Amino acid sequence: MLIISSSRTKAGHLASPDGTNDTRPTRRPARVTTSAAVAVVAALTLSLLGCGTGGVRDRQADGDVGARPAGGPERPAAGMDGGAVAGDDGTRSAPPPPARPLSDTLTRALAPMAEGSGAYFSVGLRDLRSGAVGVYGGGWYDTASIVKVGILAALLLDAQDEGRELSGEEHAHAAAMIEQSDNGAANALWRAIGGADGLDAAHRRLGLTETFGGEAGRWGLTRTTAADQLRLLSAVFEDGSALGERARDYIGTLMGRTADEQSWGVSAAADGEGTGFRLKNGWLPRSTTGLWDINSIGHITAGGRGYLVAVLSDGSAGMDSGVALVEEAARRAVEATTAALNGDGGW
């Protein structure tokens with residue numbers, strides 16, 4: 001029987017859920033490079049539009065989950081016929097501009113951080129006004145507690161399928177799990193959704209293709225990519241999701257009530273205007289290395305725009321340095337993107 005350490009850090013997080021019997025792949029994500037976003041952004045944009053790419057599950061079944069995600073087909077170049085409207089005289093108006101890829105913008109903003117850094121990180125960002133999207137960096141990361149958003153989404157999908165409301169106990173667990181990052185509540189709901197199999201099934205319905213539930217009940221060792229976390233955020237905060245409107249509002253409301261001591265991460269890039277921020281963070285010290293996984297995902301407003309932002313990292317020497325890395329990456333990504341998009345007429 002696998003025994004998980006009960007020693008805890010802030011907010012009851014397990015200090016060492018990886019253990020010596022961990023059977024998940026241990027290959028570290030590739031260090032951030034400036035070319036990774038180009039391969040990922042096309043697949044991500046198509047997936048957010050409902051056009052997934054294949055092959056990821058096959059690679060995972062073979063145990064090769066440490067490789068970079070495969071790129072998808074490229075978006076047609078601007079000015080091609082797709083989307084143009086024919087007028088009465090047979091002429092065609094200019095098609096609407098395609099969602100702008102943000103890979104170059106993110107590379108310019110984030111590449112200097114990667115130079116000489118001992119940690120690994122990946123950033124995904126989506127502008128909700130224009131649909132512009134980009135990912136910097138690649139590879140798989142442990143989710144730690146950001147997986148709790150996916151656990152709640154899976155629970156709500158099950159409730160929708162059954163045509164029922166959440167029970168009082170489920171509501172209590174959901175609130176504690178998201179607002180306080182309570183692990184006991186997460187354990188209860190993890191069991192309720194059917195563990196890793198239930199999580200994976202829910203994720204596929206929500207469009208995720210690169211996230212795989214943690215084995216042996218260790219949900220914190222679920223493996224994911226920044227691109228997939230953007231897909232999850234899109235399923236929570238945008239229309240067209242398998243999640244109904246009430247379910248999406250419920251998740252967003254809980255993410256907007258994060259405990260004050262946990263209100264770090266991508267919220268550092270918010271400017272305080274509009275509806276504020278909604279986020280979920282995760283932090284995990286690894287017993288095998290002594291290094292930290294620090295992650296943050298959420299919805300923020302900055303410069304009059306709404307953004308979905310995911311920052312994943314591993315290899316930080318401590319929690320404080322990991323949080324600083326995640327916050328600086330979020331700030332640089334959002335500031336550079338806001339300047340670029342608002343500078344292009346605010347589209």
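**Exercise 1. Strand pairing around β7**

Eight bridges join strand β1 (residues 120-127) to β7, and the two strands run antiparallel; starting from this pairing in the predicted model, establish which other strand pairs with β7 and in which sense, and how many residues of β7 are buried.

*Solution.* Begin with the β1 side, where a residue pair fixes the register: Asp-127 stands opposite Tyr-307 in β7. Next, turn to strand β6 (residues 292-302), which pairs with β7 over 11 bridges, in the antiparallel sense. On this side, His-299 has Leu-308 of β7 as its bridge partner. The connection between β6 and β7 is a hairpin with two residues between the strands, and here Gly-303 adopts a positive phi near 60 degrees. Finally, consider how far β7 is covered: 12 of its 12 residues are buried.

**Exercise 2. The nonpolar cores**

Determine which residues of the largest nonpolar core touch the most other members, which element gives the most to this core, and which residues Ile-251 is in contact with beyond its sequence neighbours.

*Solution.* The largest nonpolar core holds 48 residues, and those touching the most other members are Ile-151, Leu-152, Leu-243 and Ile-251. The elements that each supply at least two residues of this core are β2 (133-136), α4, α5 (168-179), α6 (183-192), α7 (195-205), α8, α9 (245-255) and β7 (305-316). Of these, α4 gives the most, with 10 residues. Then take Ile-251 as a worked case: once its neighbours within four places in sequence are left aside, Ile-251 is in contact with Val-149, Leu-152, Ala-153, Leu-156, Val-236 and Leu-243. Apart from this core lies another, made of 34 residues, including Phe-121, Val-123, Val-311 and Ala-329.

**Exercise 3. The cavity and its lining**

Search the whole structure for cavities of 30 Å³ or more, and describe the lining of the largest cavity by residue, by element and by class.

*Solution.* The search finds one cavity of 30 Å³ or more, and about 30 Å³ of space lies in the largest cavity. Its lining is formed by Thr-143, Ile-146, Val-147, Gly-150, His-203, Thr-211, Gln-229 and Leu-232. Assigning these residues to elements shows that α4 (147-162) and α8 (226-237) are the ones that give two or more residues to the lining. Sorting by class then yields three nonpolar and five polar residues, with no charged residue in the lining.

**Exercise 4. Positive phi outside glycine**

For Ala-144 and Ser-181, state the phi value, place each residue in its loop, and decide whether each is buried or exposed.

*Solution.* Ala-144 is not a glycine, yet its phi is positive, at about 50 degrees. Ala-144 is found in the loop between β3 (141-142) and α4. Its relative accessibility is 3%, and therefore Ala-144 counts as buried, the cut-off being under 20%. The same steps apply to Ser-181, a residue other than glycine whose phi is near 60 degrees and positive. Ser-181 lies in the loop between α5 and α6, and because its relative accessibility is 0%, Ser-181 counts as buried.

**Exercise 5. The protein as a whole**

Give the number of helices and strands, the share of residues that are buried, and the share of contacts made by residues 24 or more positions apart.

*Solution.* The protein has 10 helices and seven strands. Of its 347 residues, 55% are buried. Among contacts with a separation of 6 or more, 70% are between residues 24 or more positions apart.

Conventions
Residues are numbered from 1 along each chain as its sequence is written. This is a predicted model: local features need pLDDT of at least 70, side-chain atom pairs count only at pLDDT 80 or more; totals for chains, interfaces and linings use all residues. Side-chain values use heavy atoms; hydrogens and water are left out. On a 1 Å grid over the protein atoms alone, a cavity is a set of points where a 1.4 Å probe fits but cannot get out, and a pocket is an open set with protein on both sides within 12 Å along at least five of seven lines; lining residues have an atom within 4 Å of a point. Grid points are joined across faces, edges and corners, and a volume is the space filled by probe spheres set on the points. Helices (H or I, at least four residues) and strands (E, at least two) are DSSP runs, numbered from the N terminus. Ala, Val, Leu, Ile, Met, Phe, Trp, Tyr, Cys and Pro count as nonpolar, Asp, Glu, Lys and Arg as charged, and the others, Gly among them, as polar. A nonpolar core is a set of buried Ala, Val, Leu, Ile, Met, Phe, Trp, Tyr and Cys residues joined through side-chain atoms within 4.5 Å. Buried means under 20% relative accessible area, exposed over 50%, partly exposed in between (1.4 Å probe, protein chains only). Contact means heavy atoms within 4.5 Å. Two strands pair if DSSP finds at least two bridges between them.
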